Structure formats: structure tokens, C-alpha cells
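Good morning, everyone. Please have the sequence and the 3D view open while I talk.

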Amino acid sequence: MDIHKITDSLNNAQHQAVTAPSQAVLVLAGAGSGKTRVLVHRIAWQICQHNVSPHSILAVTFTNKAAKEMRGRIEQLINVPTQNLWIGTFHGIAHRLLRRHAAQAHLPDTFQVMDSSDQLRVIKRILNTLNMDDKTYPPREMQWYINAQKDEGIRAKDIIPYDDPNELQRLQVYESYEALCHRSGLVDFAELLLRAYELLRDNAELLEHYQQRFRHVHVDEFQDTNTIQYAWLRLLTKDKDNLFIVGDDDQSIYGWRGAKIANMFRFQQQYPNHQVIKLEQNYRSTSNILKAANVVIAKNQGRMSKELWTTTGDGELISVYTAFNEQDEAHFVIERIRAWIKSGNKRSETAILYRSNAQSRQFEERLMATGIPYRVYGGLRFFDRAEIKNALAYLRLLSNRHDDASFERVVNTPTRGIGAKAIDDLRQIAREHNVSLWTAATRLNSRAVAGFLQLIHSLSEQAEGLELCDKVELVIKTSGLMDFHQKDKDKGEEKIENLAELVNAAKLFYFDVGNEENLSELESFLTHASLESAEQQGDEAEDCVQLMTLHSAKGLEFNLVFLVGMEEGLFPSGQSVDDVARLEEERRLCYVGITRARAQLYLTYAESRRLYGRETYPRPSRFLRDIPEELVQDVRMQTRVRTTYSTTREEPKVRNAYPSTAPKPVPSSSIARGAYATGQKVSHIKFGAGVVVSCAGEGDKASVIVNFRNVGVKQLMLAYAKLDVL
DNA sequence: CTGACGAACTTTTTT
DNA sequence: AGTTCGTCAG
């Protein structure tokens, strides 16, 4: 194996990281500095240079996509079989451990993983049985509570509720939930991690075994680890310091779901012999973009210092566009994209990034009207669809009759005359005798219920010996799901297609017998469905404009990026502004957003925006003001010169590149009144400079609403207020 | 069981 | 505004 192939292409810092001695290493990797590269080459280096068997290497990521990419790149780099290499998500690895040692983890061999919507259903049901009002105890909050406890490694038995009645109630739910999961052989996502941690913690020989086995442990996106993930890593590596972590404190954007940047500091304390290597050279963006990113993030306190730089030139200035309202914003963005595509660029190289999903609509509408193909990220995933979950629930019942969540899901889907009453009875029996719903059903005297049991029995018999995909097909057809979903008025066709797609997915499913010794093919497929649902998204092949939240943009890059809705209250989110820590996370989010852009970055905001059915007049985001003027070009200012305010109805369908060569279309809501129109820059003796956002009334009663730069929105009567047109 | 209506929401999301 | 969720009547 050619070692040079592994090290030659690296810069100094990368080289240092890849070839660092086997001790704890923290690679502080800025955006676009080649962190995946370092991980991949580090692993390759160990295998080739130090003859480390792939069998003794563990690499943990957060997403399946990242895991897959890493494995692919290692295989590409070195010609060594990597089946023995453990690369996977925290959840995937935890799951694997639990399968191997199910008994020691106190789990049945047939345990199944439940996703968050399954979990929510179970919790709802528990609230119900406990007779708890779901107004005072919203199921979502209970779910959040339980997961938060598990993320911190806290079991119900560890909680001392003191005298707080609320806490007592929540504890009761947590306990019942644990009991039900245990009885049904169900494991939620947080449980996977906690259980895997406890497995190692409580089984000395097992821990010893894995400590011996994994000579090198690697972690990607370390800043996103939560308490239990850290604890688990710590168990595995504490005596050997063989932990190689890559992360960027500035890109920690998941604090709200338990990620702890503090883990990076904890690492430094608990692995005193560690080495820190900073990757600061950026290979993605122009210098101007990096400067802006650096300035924005510099305002955060307590960072591990790090500053991105590049050898490529300044590049274009960052463009800021001030829109009248959200429609104008969308219009502007889409026109720019249109011009960009027209000059020969790929649609998939441009992205519209927003803080919240609700913002996508305006852009979608415009794109649709313009006929530009686009793709919105973050919708329902394939395995999350109701029809798919129904089919999977039948399959789960085939493999485990006592899976209460699945039982309840399909016992009356399609409807077979088992109403709320019958289900209540079942629950009653189940609770009294502490048995599963299935067992309860065998004791209930009901024709309909007996019919359901019979159906499952017969499906089970018929499925015997069939290929996986034939099993799936059998279940879908025989259970009546096919007919049931076909009846859906407007979505029937789509649902049938999805079910067909599920059969197809089963056909394509690769069952790795060697790796899943304890699992049947069906069980393995079901696990795959819960644990890897994300990757099943449709055709990425088509060249599409990309629309997504800032969160989902992490890790991606585009030549042309629009960061839209740069307004106080939106971004930073109104819910974060009064909390320093949350505001810092918003700022990191902004940093993430800016660093997605390779060549060109647009920041846009609207002076007036319809939000929750009301007209709001937000002020420009503080992040916008942080970026120094010399890096920015105000797109609107350029336009101003050419704009005629009297432009009214006949807004031309703009053909030219907008806005530099075309007159700025005035949004229909904007009506000229005398000298004032929305968008007009004005100046007031007392309030200073501002922009007209709305006009009303005529003659003496004419008034305008002005958004002043320094004092915010004011309504002024034209008859009294002295306004100067700028 | 379906459909209709009204109330209550409304940051971010992977596993 | 728009969506989702729960309740109620048919």
C-alpha cells in the first residue's frame, strides 16, 4: 500500500492530524477545512502505516449519510476490505451492540426499534390509561421530557420527585412508559444509547472486551454529542486515551436537543494528554465570505479560538437585498436564480436557506410559477408515511406478536369493526394481567378481534418461506391495506405507489447474514426502516434548486447561496433573543449558513412580512449589521437609481437579469401616494432615516407607516409629520 | 366511521 | 394565514 497516497495531498495541519501519535486527539475543524478528509485519511493511515486491523477500528457519526460517505471514501483510498470496520451512527452502533448482547442488555432477542412517532403514540396511550389530561400534560412535552432524561442517563428510578406534583406525574408516565416498552420489546432512539451505555457500564468483561477490541475510536461532529454519547465514548476509551475526535464548536446547532458543546471542554480535561490540531484553511469559500463568517461568529463568547482563511481571492462582495415584503424577496431570489441558470450554471448548485420551514412557501410558489425545478428538504420521509408505517406494523406483528404499538396501530386498520370500546377492553385486560395487547386479545370474547388474530396467524403461515419482498407484498394485499389506501380520495394513487415502492425496497434490501447473526431477514429490514429512514428520499438525480433550513444545510455546500429572512424575530428566532446561550446558537447557525457558500452569497430581508396572518415590520437581523460594509454590496441601492416610483400595475414580466437591467417591479400591494410609496427611503427630523412600509388614507388623513432604522416602526400623519424623501 | 367545524398552535430534527 | 388536531353530529 502506498503511504504517500494517504499523506501527500494533505496540508500541514491535516497531515499533522492524520499522522498524530495514538493518543487523544481533538481536531478543531472549521467549515470547509476538510474534516471528513482527515478522518478518512487517519483511518487509512492506521490501517496502512501501523497495520491496524480494520477490525479494531470504530468510527462514529451522527447520520447514516456521513457514515456511508466515510466508508466509501476509505474504500476508495485504500484497497482493503472494510466489512470488519465498524463505521456507523451512534444509534446504529448502539443497536448493533444491543443485538449482540441482547440478553445482557435485558432485552428480548426480538426487540424492535421504535421511531419518534411510534414513541409519541405509545406515550399518548399511557397518558390515556393513567387518566391524565393531555391538556395539562401534552404528549409532546412528555415525550420531550422522557427523551431528555434518557439523554442525560437518568432512569425513572433515579428520579426523586420531592413534593412537586407535576414532577410526580411525569415520573409516573416515565415509569409506565418504561414498563410498556419492556413488555412490548420496544426500544426508542434515546433508549438505544442509554441501554448501550448501561450494557458496557454493568458488564465488566464485555466492556473490557470492547476496550481491547477498539484500538482506535473516531468521532465525527463531536460538538453534537450529548451527555450519554459522551459517557459511552468515555467508557470505551478512558484507560487508553485512544479517542480521535473531530468537531467545530462554532457549528454546534443542536443544543436544543441535548448536544453539549461542553463535551469538547470535558474532553480536554478528561484526556489530559490530548493534542489539539486546528484546521483553519478553508477550501470552499471566497475570502469575502470567510471574513463575514469570521466576524459574525467572533461575537460569541467562550469559543475555542479559530479563524478561517483561504488562499483563493476575495471573490465577489456579499450582496444584501432589502425586499418590500416576503413576496418581493421571493421574486428577487428567483429572478437571480433564473439569471444564474441562464448563464449556464446548474440548478443544484444553488440553495435557498431559511430559518424555519414555513418560509419555503413563497419561494416554492415563485419557482413553480417560473417553472424551475426545485427540491424542498425536510418533508415527510418515506418510512414515516402512514401507509408505510401501517404495512411495517403488520410485518412487526408477524415477527413479534407482543409489539403493542404495532398491534394498536393496525388492529383496526383497515377498519374491521374493532372500535374504541373493544380497544379499551383490551387495554383493561392487558393492564390487569400485565400482558401484551395480543395476549389480552386472545382472552377477549369478540368476533372482530378474533378475526384479526386469525388474520395475523394466517398471514404468518402464508409468509413462511417466502422471499422478503413477497412477504411484504402478501401482507399489504391480504391485510386489506392496499384496498384501504386506494380509497383515499386525493392521495390514493400516491399511497399505492408508495406501497409498491416498499415492496421494491424489500426486493433491493441487502441482508448481510454475517453481520446480523441474531436477526432474521425480516427483522433486519424492519430495523433498517426505523434506523435509516432518511436516506430513502426520492430522486436526487434531477438538477434542482435546493430549498432547506439552515439546520439541514449543515455539511453541504453550494456555489450560490441565498440566506433569506434575515430579520430580527425570524433569524435570530424571536424565541431565542432573550437568552444568551440560545442567541449564541443562532449566531452559530448564521455562521453555518454563510459558510455554505462557495462563490456567491446573498443575504435578503423584508421590511414587511406577513407572519401568522399579521403584517409585521421586522428590523434587519443583527447578524446583517455585524458584517462590515466593505464586504457588502447593497443590491437595492443600485436599483434605486433606475427605479421609477410611478410604476404601477403594468409590472412587466421581467426578462432581463433582475434588478440591474430591469425596472424594479413594484409589488402589487404597493400603491404610490403622492410622493410616498412603499419602499421609499425617507428621513424624519426626530426619528432619522427609514423606509416607508405602508401608506393609507388620502388628503389630510393620509398616513404612512415607516420603519425607521433606529427607532423601529412608526405611523405618521402626512399632514403633521415632516418627512423628507431621500 | 366519516366529514365538518372550530380551536389552538406556529424554530430548528436525526436517529 | 394555514395547518393540524380534537370534538361532535350525522
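Let me start with a definition. Axes here are lines fitted to C-alpha atoms, for helices over the stretch in contact, and angles run from 0 to 180 degrees between N-to-C directions. Two packed helices are described by the angle between their axes and the distance between the axes. One caution before we use that: this is a predicted model.

Now the helix pair. Find helix α16, residues 386-399, and helix α20, residues 447-463. They pack at an angle of about 80 degrees, and their axes are 10 Å apart. Angles of 65 to 115 degrees count as roughly perpendicular, so α16 is roughly perpendicular to α20. Which residues of α16 and α20 make the contact? From α16, they are Y394, L397 and L398. From α20, they are F452, L455, I456, L459, S460 and A463. By class, that contact has 8 nonpolar residues, 1 polar and no charged ones.

Stay in this area for one more residue. V410 is in helix α17, residues 404-410. Is V410 buried or exposed? Its relative accessible area is 0%, so V410 is buried. Leaving out residues up to four places away in sequence, V410 touches N390, A393, Y394, L397, R416 and F452. Y394 and L397 belong to the α16 side of the helix contact, and F452 to the α20 side. V410 and N390 are 20 residues apart along the chain, yet their C-alpha atoms are separated by 6.4 Å.

Let's step back to the whole chain. Chain A has 726 residues, and 56% of them count as buried. Its secondary structure comes to 28 helices and 21 strands. Take the contacts in chain A with a separation of 6 or more: 74% of them are between residues 24 or more positions apart.

Two more buried residues show such contacts. E329 sits in helix α14, residues 326-342. Its relative accessible area is 0%, so E329 is buried. Beyond four places in sequence, the residues E329 touches include F363, V564, E567, T604 and R609. Then Q600, in strand β14, residues 597-611. Q600 is buried too, with a relative accessible area of 17%. Outside its neighbours within four places, Q600 is in contact with I289, E316, S319, N559, L560 and V561. The C-alpha atoms of Q600 and F558 are separated by 8.8 Å, with their positions 42 residues apart along the chain.

Here is a whole helix to look at. In α5, residues 90-100, 8 of the 11 residues are buried, so this helix is largely enclosed by the rest of the structure. Those buried residues are F90, I93, A94, H95, R96, L97, L98 and R99.

On to the DNA. How many residues surround DNA strand B? The count is 27, and the closest are R355, N357, N412, T549 and R582. Sugar and phosphate make up 53% of the strand B atoms that come within 4 Å of the protein. By class, the surface near strand B has 7 nonpolar, 14 polar and 6 charged residues.

Three contacts with strand B are worth finding. A backbone N or O atom of N357 lies 2.6 Å from a phosphate oxygen of DNA strand B. For R381, a polar side-chain atom is 2.8 Å from a phosphate oxygen of that strand. W256 goes to a base instead: a polar side-chain atom lies 3.4 Å from a base oxygen of DNA strand B. The elements giving two or more residues to this surface are α25 (550-553) and α26 (580-594).

Next, DNA strand C. The residues around it are R361, R610, Y612 and G613. A side-chain N or O atom of R361 is 3.3 Å from a phosphate oxygen of strand C.

Y612 leads to my last topic, backbone geometry. Most residues other than glycine have a negative phi, and most peptide bonds are trans. Y612 has a positive phi, near 50 degrees. It lies in the loop between β14 and β15. Its relative accessibility is 80%, so Y612 counts as exposed. H106 also has a positive phi, near 60 degrees. H106 is in the loop between α5 and β4, and at 59% relative accessibility it counts as exposed.

Finally, the cis peptide bonds. One joins T413 and P414, with omega about -5 degrees. P414 is in the loop between α17 and α18. Another runs from F571 to P572, with omega near 5 degrees. P572 is in the loop between β13 and α26.

Key:
Residues are numbered from 1 along each chain as its sequence is written. Chains are lettered from A and ligands numbered from 1 in the order in which they are written. This is a predicted model: local features need pLDDT of at least 70, side-chain atom pairs count only at pLDDT 80 or more; totals for chains, interfaces and linings use all residues. Side-chain values use heavy atoms; hydrogens and water are left out. A residue is near a molecule or strand if one of its heavy atoms lies within 4 Å of it. A polar contact is a pair of N or O atoms within 3.5 Å; within protein, one must be able to donate a hydrogen and the other to accept it, and residues adjacent in sequence count only if both atoms are side-chain atoms. Helices (H or I, at least four residues) and strands (E, at least two) are DSSP runs, numbered from the N terminus. Ala, Val, Leu, Ile, Met, Phe, Trp, Tyr, Cys and Pro count as nonpolar, Asp, Glu, Lys and Arg as charged, and the others, Gly among them, as polar. Angles under 35 degrees count as roughly parallel, over 145 as roughly antiparallel, 65 to 115 as roughly perpendicular and the rest as oblique. Contact means heavy atoms within 4.5 Å. Buried means under 20% relative accessible area, exposed over 50%, partly exposed in between (1.4 Å probe, protein chains only).
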